[in-house]
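Q: Please take a close look at one part of this structure, and tell me how that part is built and what surrounds it.

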Amino acid sequence: MSDQREAIRSNAKYLRNVRPIDPEEICEYVEGTPHPAVVRQHLREDAPVLGLIEREDGSFVPVEDDPVGPNQRPVTEFPAEYGNALENLLVDRYGVDWHEDPTGSLLRSTIRRFKDHYLEGRHVEYDDDVAAGYAIYHLPGYYAAVQYALDDLADRGLLGRNLRVLDVGAGVGGPAMGLSDYLPEDALLEYHAIEPSAAADVLEELLAETGRNVHPTVHRETAEAFDPSSVAGDSFDPTDADDGFDLLLACNVLSELEDPDAVLRKYLETLAPDGTLLAMAPADKNTSIQLRELERAVEDERLHGGTEDGVTVYSPAVRLWPNDRPTDRGWSFDVRPDLEVPSFQRKLEDAADDPDHEGGEFVNVDVQFSYSLLRVDGKRRIDLSLEADEWAKMAQMERHVTNRIDLVAAKLSRSLSEDDAGRSGSNPLFKISDGSESIDHYAVVTKETALNRPLLEAEYGEVCSFEQILALWNDDEEAYNLVVDEETIVDRIG
């Protein structure tokens with residue numbers, strides 16, 4: 001580090017506890033009197049180390065300790081500034097009529113191809129065209145999904161305002177943009193992305209649109225090859241058991257890795273003692289189940305060099321019985337309101353005129369996702385410990401069939417009887433879990449009343465108590481149906 005830069009740092013460390021740091025003031029205290037713009041640039045680069053945020057007036061102040069609060073509104077659209085940045089990249093790469101033939105045909109066929117490969121479980125190679133198609137098709141949904149998952153942390157005051165984040169397999173940037181916009185302007189984000197493919201080009205274009213207090217670095221390496229110690233600095237070492245990243249993201253990437261279990265374990269070891277790993281996957285059956293299997297594989301593992309810290313599932317899955325763990329298939333996902341159709345999807349869709357085109361084929365504004373929040377400090381979002389003399393246990397449901405029982409369980413789906421348009425089927429149906437089950441359990445509402453309506457009103461992941469629920473076996477689905485009718489009382493207790 002140069003003497004000039006060290007002098008700027010020293011002055012900033014002193015003034016941060018006295019008054020807002022003005023680059024025009026600091027330059028007077030530094031030998032050679034550097035231009036204020038030079039001082040400002042050094043302060044920007046060192047802001048994560050110094051714990052400073054830049055204000056609109058150009059001064060710097062310490063980041064506050066208050067945690068970030070949850071979003072109070074649904075995500076309704078993909079921001080125009082990111083959409084414009086993506087369209088500018090498409091124009092630079094394919095020309096002003098990027099959505100028209102022949103480049104439009106190329107992008108549409110690319111999207112069709114990677115969708116087919118994905119459904120078949122085949123590996124997708126990310127060249128420039130695939131990265132562009134992936135951004136067009138997936139950016140909006142991933143941008144929204146990560147924000148809903150972060151609500152689980154923010155709702156309990158567990159999302160700090162001064163964040164060091166590692167995004168494993170960052171892709172084209174949906175989760176990164178969602179996280180950046182989730183944080184308030186006075187938050188400080190030191191963001192590291194691991195992305196070896198051509199998707200990193202799109203990611204860097206979008207990161208350029210983030211706020212002044214977002215400090216991004218893109219590492220063009222694979223998750224397997226990346227060395228976390230390479231980002232260690234004066235006051236940060238992710239390989240130290242007492243330090244580490246505040247938030248790890250592994251979003252929509254685990255299903256694409258050769259050994260996702262090993263990668264997940266590797267990066268859990270870089271988690272701060274009070275940090276969180278957020279893993280996400282699309283809501284389809286295969287990737288959602290795989291995510292839950294990985295969650296269960298690392299649960300209770302001892303990390304950080306043999307310390308007493310173990311991995312716990314914070315949410316949305318629950319562990320309501322001491323020492324019990326679920327072994328069912330674990331297919332669980334959340335569904336949130338659709339987004340507005342962004343202009344880049346509309347352009348590509350409207351320009352399609354080939355005979356194989358299906359209406360809406362290139363519009364993807366669904367927000368459906370599976371996620372897992374893992375911690376190493378023992379915290380759980382719902383921390384209950386049930387007693388067998390008060391409540392029935394799902395692991396022992398066979399003994400309760402045809403009986404009315406009292407049960408406590410988390411609601412782990414929206415209504416599964418709704419069609420694609422959100423219209424309800426004959427009876428609302430919800431996946432529920434108490435964390436002990438080896439077979440899927442579903443609550444089916446056959447008669448809605450004021451006393452059981454709380455089940456319909458409960459949020460995804462929320463825990464409810466059920467009194468006088470009827471236990472039945474569903475031979476066709478090989479699952480338990482818990483019937484909620486006029487005799488059932490439901491309370492939201494989570």
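A: UniProt positions are given here in the numbering used for this chain, with feature names shortened, and such annotations may be inferred rather than shown by experiment. With that caution, the part to look at is the span that UniProt, in an unreviewed entry, labels "domain: Methyltransferase type", at residues 166–277. Residues are numbered from 1 along each chain as its sequence is written, and this is a predicted model, in which local features need pLDDT of at least 70 and side-chain atom pairs count only at pLDDT 80 or more. Totals for chains, interfaces and linings use all residues, while side-chain values use heavy atoms and leave out hydrogens and water.

Over residues 166–277 the chain is 24% helix and 27% strand, and the end C-alpha atoms of the span are 9 Å apart. Helices (H or I, at least four residues) and strands (E, at least two) are DSSP runs numbered from the N terminus.

Two loop residues within this span deserve attention. Leu183 sits in the loop between α7 (174–182) and β4 (188–194), and it counts as buried because its relative accessibility is 9%; buried means under 20% relative accessible area, exposed over 50%, and partly exposed in between, with a 1.4 Å probe and protein chains only. Leaving aside neighbours within four places in sequence, Leu183 is in contact with Val68, Leu159, Leu163 and Leu189, where contact means heavy atoms within 4.5 Å. The C-alpha atom of Leu183 also lies 9.5 Å from that of Asn71, although the two residues are 112 residues apart along the chain. The other residue, Asn252, is in the loop between β6 (245–251) and α9, and has a positive phi of about 60° although it is not a glycine. Asn252 counts as buried too, because its relative accessibility is 12%.

Helix α10 (residues 285–298) links the picture back to the annotated span, since the buried residues of α10 pack against α9 (260–268) and β7 (271–282), as well as α5 (103–119), β8 (312–315) and β10 (367–375). The buried residues in question are Thr287, Ser288, Ile289, Leu291, Arg292, Leu294, Glu295 and Val298. The helix has 14 residues and reaches 20 Å from its first C-alpha to its last, close to the 20 Å expected at 1.5 Å a residue, the expected span being 1.5 Å times one less than the number of residues. At the N-terminal end, Asp284 caps α10, with a side-chain oxygen 3.2 Å from the backbone nitrogen of Asn286. After the helix comes Asp300, in the loop between α10 and β8, which has a positive phi of about 75° although it is not a glycine. Asp300 is partly exposed, because its relative accessible area is 42%. Beyond β8, in the loop between β8 and β9 (334–336), lies Pro316, which is joined to Ser315 by a cis peptide bond with omega about -5°.

Helix α5, one of the elements against which α10 packs, can be read in the same way. Its 17 residues should span 24 Å at 1.5 Å a residue, and the end C-alpha atoms are 24 Å apart, which agrees. The buried residues of α5 are Thr103, Gly104, Leu107, Arg108, Thr110, Ile111, Phe114 and His117, and they pack against α4, α6 (128–154) and α11 (343–350). Among them, His117 counts as buried because its relative accessibility is 18%; leaving aside neighbours within four places in sequence, His117 is in contact with Arg122, His123 and Val124. On the N-terminal side of this helix, Pro102 is found in the loop between α4 (80–94) and α5, and the peptide bond from Asp101 to Pro102 is cis, with omega near 0°. On the other side, α5 is followed by Gly121, whose phi is positive, near 75°.

The chain carries a further annotation as well. UniProt, again in an unreviewed entry, places "domain: DUF8157" at residues 5–56 and 395–493. The span 5–56 is 63% helix and 6% strand, and its end C-alpha atoms lie 23 Å apart.

Note on methods. A polar contact is a pair of N or O atoms within 3.5 Å; within protein, one must be able to donate a hydrogen and the other to accept it, and residues adjacent in sequence count only if both atoms are side-chain atoms.
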